Amino acid sequence: MPVAIITGASRGLGLALAHGLSDAGWSLVLDARGAEDLRTAADQLDGPVRAIPGDITDAGHRAELVAAAEELGGLDLLVNNAGVLGPSPLPPLSDFPLDRLREVYEVNVLAQLALTQQALPTLLARDGAVVLVTSDAAVEPYPGWGGYGSAKAALEQIGKVLAVEAPALRVWVVDPGDLRTQMHQDAFPGEDISDRQLPEAVVPAYVKLLTERPESGRVRL
């Protein structure tokens, strides 16, 4: 059975992907900061599942995730889905608190790269793949999205460079579009976001991506 690490897997897109890959026969290592929510998510899945709560900015936690994947047979896929939005409501850059911006970059950029670095040896040995979950805010200048969007833009560039430095690895920067998630609700507090599609709607496109294995690059679902 192929093995995947999915970060931020207790809700939203991460949880939907966990269900989709589990149904497709994958063994999973799931990460999230909330231990109780993560256990609940893991209990819903069939097949081999390791639920490891923790913070991906912590080096010890990242090592634990990769070790768990090795115990399941070796890592084939890393889905870097965990992330933070930053302050809510979203502030303009002129008022963006720099301590919160550092947190956005720490989680959405540095921790993603650090986990990818740790996973690279086993991924390369198994012709594996990396998915970096991004956003249209990485390429479009939306007011209020300067913190989150610039972090995702940095992550996209990391994905592009990694793809040329490790050509044997598939690196897909995946923009799933606007989804009905808690993070998206936090970006628009008090607004009705029921017109956005549920995360489950894009799971078949992710599974197709893993099946067809196109060249590395940006993918808009």
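Here's a walk through one helix pair and the nonpolar cores in this predicted model.

Let's start with helix H1, residues 12-23, and helix H7, residues 203-212. Two packed helices are described by the angle between their axes and the distance between the axes. Here the axes come within 9 Å and cross at roughly 55°. That angle is neither under 35 degrees nor in the 65 to 115 range, so H1 counts as oblique to H7. As for handedness, H1 and H7 cross in a right-handed way.

Which residues do the meeting? On the H1 side you'll find Leu-13, Ala-16, Leu-17, Gly-20 and Leu-21, and across from them in H7 sit Val-203, Tyr-206, Val-207 and Leu-210. Sorted by class, this contact has eight nonpolar residues, one polar and no charged ones.

Now for the largest nonpolar core, which has 29 residues. Its members that touch the most others are Ile-6, Leu-28, Leu-30 and Leu-77. Several elements chip in two or more residues each: the strands S1 (3-6), S2 (27-32), S4 (77-80), S5 (129-133) and S6 (170-175), plus the helices H1, H2 (35-43) and H7. H1 gives the most to this core, with five residues.

Ile-6 is a handy place to zoom in. Skipping its neighbours within four places in sequence, Ile-6 is in contact with Gly-14, Leu-17, Ala-18 and Leu-21, and also with Leu-28, Val-29, Leu-30, Asp-31 and Val-79.

There's a second core too, separate from that one, with 23 residues; among them are Ile-52, Leu-75, Leu-162 and Ala-163.

Note on methods. Residues numbered from 1 in each chain as written. Predicted model: local features only at pLDDT ≥ 70, side-chain atom pairs only at ≥ 80, totals over all residues. Heavy atoms only, no water. Axes fitted to C-alpha atoms, helices over the stretch in contact; angles between N-to-C directions. Helix = DSSP H or I, 4+ residues; strand = E, 2+ residues; numbered from the N terminus. Parallel < 35°, antiparallel > 145°, perpendicular 65-115°, else oblique. Left-handed = near helix turned anticlockwise from the far one by under 90°. Contact = heavy atoms within 4.5 Å. Nonpolar A, V, L, I, M, F, W, Y, C, P; charged D, E, K, R; others polar. Core = buried A, V, L, I, M, F, W, Y, C linked by side-chain atoms within 4.5 Å. Buried < 20%, exposed > 50% of the residue type's maximum accessible area, 1.4 Å probe, protein only.
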